[in-house]
Amino acid sequence: MNSIKKASNSIINSKYLIALTGAGVSSESGIPTFRGKNGLWKQYKADELATPEAFKKNPKLVWQWYSWRISIVLSAKPNPAHYSLAYLEKIGILKALITQNVDDLHERAGSKNVIKLHGDILTVKCPSCGYEHRIWKPPQIIPPKCPRCRSIMRPGVVWFGERIPPDIIDKALSEAEKADVILVIGTSGVVMPAGAIPEIVKRNGGKVIEINIERTAISPIADIFIKGKAGEVLPKIVEEINRKRGLRNV
Ligand code: OAD
């Protein structure tokens with residue numbers, strides 16, 4: 001049996017399927033990943049752009065970089081990987097989608113139960129008074145000021161050295177504890193705690209299905225590894241699931 005068929009069988013027989021996604025899911029939409037050949041961390045220094053210290057030192061520089069990334073996200077469109085995951089949720093198979101991505105492509109594709117571990121690049125937050133709002137274009141004045149208290153506002157993302165908000169990580173961990181199958185798609189699996197989520201499913205006797213263009217830190221515990229682009233592999237899995245569901249109904 002090929003790996004697409006094997007994965008489809010495991011998915012269709014699952015009681016509680018969850019997914020963990022990373023930057024690779026959005027790369028076919030034109031959003032750069034972090035690691036790898038053309039990854040952002042090859043061209044930019046994380047400690048100058050994505051830490052609380054960097055923001056304190058040079059908020060304008062940090063905001064210039066985030067404004068550029070915001071404009072990429074706003075002009076990107078969901079790809080077949082995002083739509084396939086939304087479809088699996090719609091037909092009741094996928095129960096929760098945990099993502100490290102700060103873009104909104106899963107939501108735009110129609111996914112509902114999305115747990116955003118690393119925040120949301122389209123949210124701007126005031127670190128002083130807590131005011132936050134959704135943006136539809138990059139801030140015109142950089143750095144943006146809070147309309148309530150005039151403090152410098154920050155991107156609504158989780159930076160290196162910061163904690164994921166407790167309610168978000170608790171929700172992700174509780175979904176992981178319930179899962180008997182996890183789809184791990186387009187993540188290098190090196191950033192914690194996200195990278196440890198597949199291990200929780202495995203420890204509880206569940207299956208790990210990985211889709212990636214190359215092997216990763218997760219691959220050693222993957223029961224099924226499918227080498228390929230998320231936007232090509234996931235629609236094939238959906239097609240196979242639909243075929244099986246059709247056969248069942250005959
Ligand atoms: P990475 O850039 O570390 O990894 C992207 C993964 O996607 C790699 O394993 C690629 O092989 C894979 N990939 C690329 N294109 C793909 C495609 N079309 N189909 C399938 N796989 C593909 O991104 P993340 O694992 O998401 O955190 O990175 C985790 C975190 O590190 C990010 O959320 C960000 C970053 O620093 C913060 O900013 C806090």
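Strand 8 (residues 207–212) and strand 9 (residues 224–227) pair in the parallel sense in this predicted model, with four bridges between them. Within this pairing, glutamate 210 has phenylalanine 225 of strand 9 as its bridge partner. Glutamate 210 is also the bridge partner of valine 184, a residue that belongs to the buried set of strand 7. Strand 8 is mostly covered, since five of its six residues are buried.

From strand 8 the account passes to strand 7. These two strands pair in the parallel sense over five bridges. One of the matched positions joins valine 181 to lysine 207 in strand 8. Between the two strands the chain passes through helix 10, and the resulting β-α-β crossover is right-handed. On its other pairing, strand 7 is joined to strand 1 (residues 17–21) by five bridges, and these two strands likewise run parallel. There, threonine 21 stands opposite isoleucine 185 of strand 7.

How far is strand 7 enclosed by the rest of the structure? Five of the five residues in strand 7 (residues 181–185) are buried, so the strand is largely enclosed. In a regular strand, side chains alternate between the two faces of the sheet. The residues of strand 7 can be sorted by side: Val181, Leu183 and Ile185 lie on one, Ile182 and Val184 on the other, and all are buried. Both faces of this strand are therefore covered.

Helix 10 (residues 197–203), the helix of the crossover, contains lysine 202. With a relative accessibility of 29%, lysine 202 counts as partly exposed, because buried requires a value under 20% and exposed one over 50%. Beyond its neighbours within four places in sequence, lysine 202 is in contact with Val208, Ile221 and Asp223. Two of these residues also appear in the polar interactions of the lysine side chain. The side chain reaches the backbone oxygen of isoleucine 221 at 3.1 Å, and a polar contact of 2.9 Å joins it to the side chain of aspartate 223. Lysine 202 and isoleucine 221 are separated by 19 residues in sequence, while their C-alpha atoms are 7.6 Å apart in space.

Attention now turns to helix 6 (residues 59–75). Its 17 residues, taken at 1.5 Å a residue, should span 24 Å, and the end C-alpha atoms are 24 Å apart, so the expected and modelled spans agree. The buried residues of helix 6 are Pro59, Val62, Trp63, Trp65, Tyr66, Ser67, Arg69, Ile70, Ile72 and Val73. They pack against several elements: helix 3 (40–43), helix 4 (46–49), helix 5 (52–57), helix 8 (105–109), strand 4 and strand 6 (154–157).

Strand 4 (residues 119–125), one of those packing partners, includes threonine 123. Threonine 123 has a relative accessible area of 13%, and it counts as buried because that value falls under 20%. Leaving aside residues within four places in sequence, threonine 123 is in contact with Glu132, His133, Arg154, Pro155 and Gly156.

A further buried polar residue is found in helix 2 (residues 24–27), where serine 26 is placed. The relative accessible area of serine 26 is 1%, so this residue is buried. Its side chain makes a polar contact of 3.2 Å with the side chain of histidine 82. Not counting residues up to four places away in sequence, serine 26 touches Ile31, Asn79, His82, Asn101, Asp103 and Leu105.

The cysteines remain to be considered. Why does cysteine 146 form no bond with cysteine 129? The sulfur of cysteine 129 is the closest cysteine sulfur to that of cysteine 146, but the separation is 3.6 Å, which is too far for a bond because a disulfide requires the two sulfur atoms to lie within 2.5 Å. The same criterion applies to cysteine 149, whose sulfur is 3.5 Å from the closest cysteine sulfur, in cysteine 126, and is therefore also too far for a bond. By this rule the count comes to zero disulfides. As for accessibility, cysteine 146 is buried at a relative accessible area of 0%, whereas cysteine 149 counts as partly exposed at 32%.

Methods: Residues are numbered from 1 along each chain as its sequence is written. This is a predicted model: local features need pLDDT of at least 70, side-chain atom pairs count only at pLDDT 80 or more; totals for chains, interfaces and linings use all residues. Side-chain values use heavy atoms; hydrogens and water are left out. Buried means under 20% relative accessible area, exposed over 50%, partly exposed in between (1.4 Å probe, protein chains only). Contact means heavy atoms within 4.5 Å. A polar contact is a pair of N or O atoms within 3.5 Å; within protein, one must be able to donate a hydrogen and the other to accept it, and residues adjacent in sequence count only if both atoms are side-chain atoms. Two strands pair if DSSP finds at least two bridges between them. A crossover is right-handed if, with the strands pointing away from the viewer, the path from the first strand over the helix to the second runs clockwise. The expected span of a helix is 1.5 Å times one less than its number of residues.
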